[in-house]
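Please open the model in a viewer and keep the selection panel at hand. The tour proceeds by selections, each followed by a description of what is found there.

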Amino acid sequence: MALTYQQCLRAVGVVLASDSVPTIVGEAGIGKSALVADLAHQRHAKLFTTVVSLVEKGDLVIPVPPLTKESFIQTKHYGQLADVQFGYSHTLVALIRYAEAHPDEEIIWFLDEFNRGSQAVQSELMNLVLQRQINTLLLPKQVHLILAENPDTTMQGFQHSHYGVTPGDAAIADRTTRLVLQADTPTWLAWARVQVNGQPRIDPLVTAYLTENPTDLFTAPTGDEEGADLQPTPRAWARVSRLLRELDRQDLLQNTAIVQELLRGNLGLTVGTAFAGYVHTKRPTITVEQVYTQDGTVGRFRALNPAQQQRLLSQCVAAQHDWPLTTSEYAERFTQLLMLCAPDGQFALGREIAQQDGLLEALHDQVDATTAVAQLYSVLTQIGKRGSQIEV
């Protein structure tokens with residue numbers, strides 16, 4: 001049985017508490033790395049990550065000559081190792097040094113894409129996972145290992161998996177606890193809406209679309225057809241969010257061809273085309289910056305449909321850090337556009353302003369000092385009274 005993100009997060013914690021090694025199995029891009037990062041954050045643990053699929057045999061324990069005596073490090077409790085600036089050797093040096101400098105702090109070593117490494121590399125890791133030892137080097141007790149794997153055809157429920165993996169040794173499978181992670185749209189959306197540096201982690205266009213189309217968060221690739229299309233994953237949606245913000249910054253969201261090609265290149269033809277259409281419908285063709293800085297904004301605003309007008313002014317409300325409505329010129333332009341909105345849109349925007357922490361109070365404080373702010377506050381008061389009468 002597969003676990004949701006939150007269930008898997010808790011299960012991994014249980015496995016670690018029982019002094020065992022968890023193996024998280026899930027499709028590429030589903031959120032395994034994000035889950036381990038969240039776990040490390042929750043536990044205040046130092047996280048080290050190694051992508052096993054990028055490692056060659058010997059990277060872990062074989063140094064590269066020539067070496068000088070300065071290349072060898074003698075640790076106080078865990079044996080001798082050579083500091084070679086590549087692969088596992090350097091990771092181990094950093095990990096051991098951190099352990100000795102922070103003996104009471106938990107460390108998580110995340111071995112990602114474990115079963116995409118070669119059989120030789122996996123064999124090289126056997127003592128690390130099973131015995132916590134590599135030659136004379138002992139892993140500190142505070143180090144927890146977590147593995148992540150892509151599905152393979154030997155796993156129940158993944159008989160049609162298409163990943164190029166090397167099934168793990170039976171000893172590894174027997175000594176670790178396999179936890180299957182599935183796509184979990186509600187949890188991902190909650191994570192996506194968390195504010196970071198004054199804005200949601202994921203662009204609101206993405207979260208709004210996936211709220212309406214939750215099954216488009218993730219589609220497992222089958223690999224049955226040659227040249228199969230790209231499929232959406234949580235990781236792909238995160239890239240799309242960054243693309244949307246960069247397109248907005250460069251004022252390219254109006255360029256349908258570029259937007260559509262970028263979205264298809266991350267989400268595949270079907271979902272990419274659908275989301276491009278959604279962006280074209282929902283995204284106003286005016287940015288917040290253009291609202292306040294460009295001539296002709298009022299005429300362009302009139303040409304938008306009511307939903308686009310409301311969404312644009314909603315973005316203005318959310319952009320108080322850069323475009324505060326307590327500033328005269330911004331208050332004047334916002335009031336001008338607000339009065340062009342439909343009555344229900346005005347009331348919705350009034351409620352948004354009231355729900356912004358301290359914004360309404362800040363406007364009230366400026367009433368006597370700034371005419372434009374006083375006018376905006378008066379308009380909002382009238383809208384609020386009208387809405388209250390309608391609700392009653």
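The stops below begin with a sheet, continue with the helices, and end with the nonpolar cores.

**The sheet**

The coordinates belong to a predicted model. Begin by selecting the five strands of the open sheet, whose order is β2-β5-β8-β1-β9 and whose pairing is parallel. Which strands stand at the edges? They are β2 (46-51) and β9 (176-180); each has a single partner strand, so one side of each is left without a neighbour in the sheet. On average, and with direction ignored, neighbouring strands here are turned by 25° against each other.

**Across the sheet, pair by pair**

Select β2 together with β5 (residues 107-112): these parallel strands are joined by six bridges. Within this pair, L47 is placed opposite I108 of β5. Next add β8 (143-149), which pairs with β5 in the parallel sense over five bridges. Here F110 stands opposite I146 in β8. Then move to β1 (21-25), where the parallel pairing with β8 extends over three bridges. V25 has E149 of β8 as its bridge partner.

**Strand β8 alone**

Isolate β8 and colour it by accessibility. How many of its residues are buried? Seven of its seven residues are. In a regular strand, side chains alternate between the two faces of the sheet. In β8, one side carries V143, L145, L147 and E149, while the other carries H144, I146 and A148, and all of these are buried.

**Helices on the sheet**

Show helix α1 (residues 5-17), which packs on the sheet and touches β1, β8 and β9; the direction of α1 makes about 155° with that of β1. Now show helix α2 (residues 32-43), lying across β1, β2, β5 and β8 and running at about 175° to β5.

**Helices α7, α8 and α9**

Select helix α7 (residues 185-192), in which T185, T187, W188, L189 and A192 are the buried residues. The elements covering these buried residues include α1, β11 (199-200), α8 and α9.

Keep two of those covering helices in view: α8 (residues 204-212) and α9 (residues 234-249), whose axes are 9 Å apart and which pack at an angle of about 135°. Angles that are neither under 35 degrees, over 145, nor from 65 to 115 count as oblique, and α8 and α9 are therefore oblique to each other. To see the contact, display P204, L205, V206, Y209 and L210 from α8 with W237, V240, S241, L244 and R245 from α9. By character, the residues of the contact of α8 with α9 comprise eight nonpolar, one polar and one charged.

**The nonpolar cores**

Turn finally to the largest nonpolar core, which has 30 residues; Y292, L313, F334 and L338 touch the most other members. Seven helices to highlight are α12 (288-293), α13 (297-303), α14 (306-318), α15 (328-338), α16 (343-355), α17 (359-365) and α18 (371-391), each supplying at least two residues of this core. Which helix gives the largest share of this core? It is α18, with six residues.

Centre the view on Y292. Leaving aside residues up to four places away in sequence, Y292 touches C316, W323, L325, Y330, R333 and F334. Another core, of 27 residues, lies apart from the largest one and includes V52, L92, V93 and L147. The last of these leads back to the sheet, since L147 is among the buried residues of β8.

Terms used
Residues numbered from 1 in each chain as written. Predicted model: local features only at pLDDT ≥ 70, side-chain atom pairs only at ≥ 80, totals over all residues. Heavy atoms only, no water. Axes fitted to C-alpha atoms, helices over the stretch in contact; angles between N-to-C directions. Helix = DSSP H or I, 4+ residues; strand = E, 2+ residues; numbered from the N terminus. Contact = heavy atoms within 4.5 Å. Nonpolar A, V, L, I, M, F, W, Y, C, P; charged D, E, K, R; others polar. Pairing = 2+ DSSP bridges. Buried < 20%, exposed > 50% of the residue type's maximum accessible area, 1.4 Å probe, protein only. Core = buried A, V, L, I, M, F, W, Y, C linked by side-chain atoms within 4.5 Å.
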